[in-house]
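Here are some notes on the internal cavities of this model and on one of its helices. Please read them with the structure open.

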Amino acid sequence: MASTISTIINPPQCALRITLHKNVCSSLSNLKFLSSPNSLHHLSSYRAHHCRAVSARLASRISSALSSRSSSTPTSLASSASPIPGLHHFVATASVASADVDTSPDILPNSEVQSKGRIYHETYGCQMNINDMEIVLSLMQKAGYEEIVDVPEKAEVIFINTCAIRDNAEQKVWQRLNYFWFLKRHWKSNVATGRSESLHPPKVVVLGCMAERLKDKILDADKMVDVVCGPDAYRDLPRLLEEVDYGQKGINTLLSLEETYADISPVRISKNSVSAFVSIMRGCNNMCSFCIVPFTRGRERSRPVDSIVREVGELWDQGVKEVMLLGQNVNSYNDASGVEKEVQPGNNWELSEGFSSKCKVKSVGLRFADLLDRLSNEYPEMRFRYTSPHPKDFPDELLYLMRDRYNICKMIHLPAQSGSSAVLERMRRRYTREAYMELVHKIRKIIPDVGITSDFICGFCGETEEDHKETINLIKSVGYDMAYMFAYSMREKTHAHRNYVDDVPENIKQRRLTEMIEAFRETTGQFYDIQIGTTQLVLVEGPNKRSPDTELIGKSDRGHRVIFNIEPVPDRENNFTRRNPTAGDFVEVQVLRSSRASLYGQALGITRLSSFYKTAKDEAVAS
């Protein structure tokens, strides 16, 4: 076919040569391996759509190439070319020929014709990665990739959104990539045996922090991956996927000083969820010595307040009752749009007392407290949480706002990382153990019923037994509702990788990790036990998976899981009509018992967020 087309449009006196790309030919020839009845049904639709798309691209390229040559074609050649069929004659003839062919069985509905392939996605790591995947799905939907499937065997495009914080997370990703490579490399036999239902070998796309950190290694991994795209380049994904059609590998891992995806309305992965993530800023300026994030996510930049308020409003219209505000350093939020001045931290940029920062804030605008103030005022029936903050950015203004607004949850994530000032200095955290403890005391003084959670790393470079004991002591002294604890995993490109030695043996790290977990468990139970006898306002998330027919589960303001029986209770906002609570309801629950991880109680009634706290305030005044 290629030689025939070339002969028609490339006579001896013409220098233009057009051939079908080898990928087009191989894609068409591969279709013969679809042998099952179900596959053949999809095949006819796919062939019609694919051939029309190929013909359109080919005609466009021919027209463009001929146009570009027309200005340089010799006059004598043009005048003597009348016997030679021209491009327009060829295209017209091809159109008539195609019109004569009966393709009625292959005609697709508009929605199928426009679809460019089915998407399967997996996400590893933090909440930011989940929100990023929702942004990617929105961008792909606009580009014509409209269908999402729940298994990779049905997909033409496979996305895997990755995490590079610890080696364990990366190993999980490599395992999955091996399986996706199997689906792609052995596509023909997989289709023949019924294992795979994709219409062509799937394109495998690696997204996120691992894509940025290991881009070359991933692309060189035995043709395992087709596209590598970093966190700031998701808008480029449709183009990168098109490059794969022409035999290229797509890669874009450029970091941006401006990209926030503020104009993108994410496609929510959990369609019926009563809670949602909203990213308000991206990147990190802190450069902690153990952390890879500044190298995979870039510098800090914040979305405009108005774009965040708009997105939260859309979520409210969809029935969402709780929003988690996200950022690598969420409380470092700074909407400086329109502001043109430079200040140093410590002037207008107020830090937590006893904390420092070497990062220069170029323009000070609306800060995190300003954003929370507006959101909590405009959406009084919606709860707000946030993660992950840095201890340096808790000015008094933020703490008092959290105390005074009933719909800002009384829970603060306060990453300590270590209880040793010497280790904190090597980590470049820029605070001491004493400064951290002072901040904890201030938070609990201003917000007495607050729940505090944290992050800890054991076995960091140079950590001694004495350093480790100080961390254990800090865990017991503070007392946390919840904590994420990990053994240190050195990451390339970090300050620690360049300057320190990972000198704590793995068996020592694991022993210290076990001791940290035990210290946490000794103290966390008290923060659940003190809730017994109280009435908590619980946002119902749905049935408890362990007893879906008889129990519901939700979260209290402090973030504790609360489980209670399904039974009719008065709806205080609907003339006290009795009904069973459902997902999205705010329910008053009397806590009867606790464990180290959950509270158990009895539902008293269904109410509104504002009504519950107004009643509690009135009762407090009366007493």
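1. A cavity here is a set of points, on a 1 Å grid over the protein atoms alone, where a 1.4 Å probe fits but cannot get out, and lining residues have an atom within 4 Å of a point. Grid points are joined across faces, edges and corners, and a volume is the space filled by probe spheres set on the points. The model is predicted, with local features needing pLDDT of at least 70 and side-chain atom pairs counting only at pLDDT 80 or more, while totals for chains, interfaces and linings use all residues. Residues are numbered from 1 along each chain as its sequence is written, and side-chain values use heavy atoms, with hydrogens and water left out.

2. There are 2 cavities of 30 Å³ or more. The second largest has a volume of about 30 Å³, and its lining consists of Ile119, Leu137, Gln141, Tyr145, Glu146 and Ile148.

3. The largest cavity, with a volume of about 40 Å³, is lined by Asn131, Ile135, Thr260, Tyr261, Ile264, Pro266, Ser279, Arg303 and Glu311.

4. Helix 14 (residues 305–317), where helices are DSSP runs of H or I with at least four residues, numbered from the N terminus, has buried residues (under 20% relative accessible area, 1.4 Å probe, protein chains only) that include Val305, Ile308, Glu311 and Leu315. Glu311 also belongs to the lining of the largest cavity.

5. Just after helix 14, Gly319 has a positive phi of about 95°.

Technical notes
On a 1 Å grid over the protein atoms alone, a cavity is a set of points where a 1.4 Å probe fits but cannot get out, and a pocket is an open set with protein on both sides within 12 Å along at least five of seven lines; lining residues have an atom within 4 Å of a point. Buried means under 20% relative accessible area, exposed over 50%, partly exposed in between (1.4 Å probe, protein chains only). Helices (H or I, at least four residues) and strands (E, at least two) are DSSP runs, numbered from the N terminus.
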